[in-house]
Amino acid sequence: MEETASKKEILGLTLDELSSHLEKMGQKSFRAKQIYSWLHVKRADSFEKMTNLSEALRKKLDESFYISTLKEIRRQRAKDGTTKLLFELDDKNTIEAVLMYHDYGTSLCVSTQVGCRMGCKFCASTVGGKVRDLSAGEMLSEVYTVSRLLSVNINKIVLMGIGEPLDNYQNVMRFLELLNSKDGFNMSLRHVSLSTCGIVPNIYKLADEKLQITLSVSLHAPTNETRDRIMPVNRLYRIEELMAACKYYFNATGRRISYEYALIMGVNDNLENAGLLAELLKGQLCHVNLIPVNPVEGTGFLKTDKKGIEQFRSYLEKRGFAATVRREMGSEIDAACGQLRQKDKKGVRPNVVER
Ligand code: SAH
């Protein structure tokens, strides 16, 4: 939530920032570490629970700060365990988070905005446009709340929920810093993936941060012509510009890019497209993740059949690419971004980003 004039959101503060606030309140510096640990290690959701602080200090904290909270509105669990939660934020807006179970552990798909303004034609998150950005504290609250509600450790985080992470750059960077903090959640950024529809200037910026995260790029088409039809962002940043930014990212970080490609029947899924994709990515050390498109009500897009998907994948493999088909997790519970939120409130037309 936006900070009110009187209270500051505390989960989104770094330890240094918290220390300086407490110093101004006349508190000893070691208190900052104690409070930070209550928030990010013990995950207290109220000051009252911070029992090694005096009652007077707890009261003072409560007067100066608030902790972002998420209220569970709905929960859906699929046969494979995938659990989708619809949360209400402090200002009554809603977002989704999805927990998935894998051989290696769990991963949590985190939302970065309320709605999205990128306008991808196959995506439910974009219906109704963007309402607002999420703060770093709210994103952390997604992680802590899911972990608490489902009693799980979260081993991996994917920024692939509602919203475009690179359209909320500062808050997402702060979220990553807090997630990675040694005195806090202490998650290695190697266990974090960030997915973008291709906001080119911010891919360069991100490359220069030299983080250990995996960058996923939602490519979904091998030519400007096809990409223009399904992703309005492509009219701002052409495929050639996007590829140049991706190459820069790889050179700067040494991290392989994962290209996401949703197979949509009759739109981008024939072998000619596979050939063009192979030409486009030629020479790049990368990974291609094929996703059978999740049909969203009202879009008219259908998924490619199993045979078509396998042909596309094996073609790429023959051309020397690491190509996998994403396991469809929890599709019976609308696990693709934004679908549960839309069921709760019928949306209007998306607004689309302009350069
Ligand atoms: N805005 C970011 C992250 C959110 S979406 C991005 O565009 O990458 C996460 C992934 O799901 C993206 O690759 C997105 O294109 C894809 N996606 C969205 N709707 C989908 C659908 N109906 N079926 C399959 N993939 C979808």
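Reader: In what order do the 10 strands of the open sheet stand?

Author: This is a predicted model. Its open sheet is built from 10 strands with mixed pairing. Between one strand and the next, the twist averages 20 degrees. The order is β3-β4-β5-β6-β9-β10-β11-β12-β13-β14.

Reader: Which strands stand at the edges of the sheet?

Author: A strand at the edge has a single partner strand, so one side of that strand is left without a neighbour in the sheet. This applies to two strands, residues 71-77 and residues 322-325. They are β3 and β14.

Reader: Which residue in β12 does S216 stand opposite?

Author: Strand β11 (residues 214-218) and strand β12 (residues 257-263) run parallel and are joined by three bridges. Helix α8 (residues 239-253) packs on the sheet and touches both β11 and β12. The residue in β12 opposite S216 is S258.

Reader: What angle does the direction of helix α8 make with that of β12?

Author: Helix α8 packs on the sheet, where β11 and β12 are touched by this helix. Its direction and that of β12 make an angle of about 145 degrees.

Reader: Why are the buried residues of α1 on the same side of the helix?

Author: In helix α1 (residues 15-24), the buried residues are L15, L18 and L22. They lie on the same side of α1 because the arc they cover around the axis is only 60 degrees.

Reader: Which exposed residues does the face of α1 turned away from its buried side carry?

Author: On the buried side, the cover includes α2 (30-40) and α3 (55-64). The face turned away from that side carries the exposed residues D16, E23 and K24.

Notes:
Residues are numbered from 1 along each chain as its sequence is written. This is a predicted model: local features need pLDDT of at least 70, side-chain atom pairs count only at pLDDT 80 or more; totals for chains, interfaces and linings use all residues. Side-chain values use heavy atoms; hydrogens and water are left out. Buried means under 20% relative accessible area, exposed over 50%, partly exposed in between (1.4 Å probe, protein chains only). Helices (H or I, at least four residues) and strands (E, at least two) are DSSP runs, numbered from the N terminus. The arc is that of the directions from the helix axis to the C-beta atoms. Contact means heavy atoms within 4.5 Å. Two strands pair if DSSP finds at least two bridges between them. Axes are lines fitted to C-alpha atoms, for helices over the stretch in contact, and angles run from 0 to 180 degrees between N-to-C directions.
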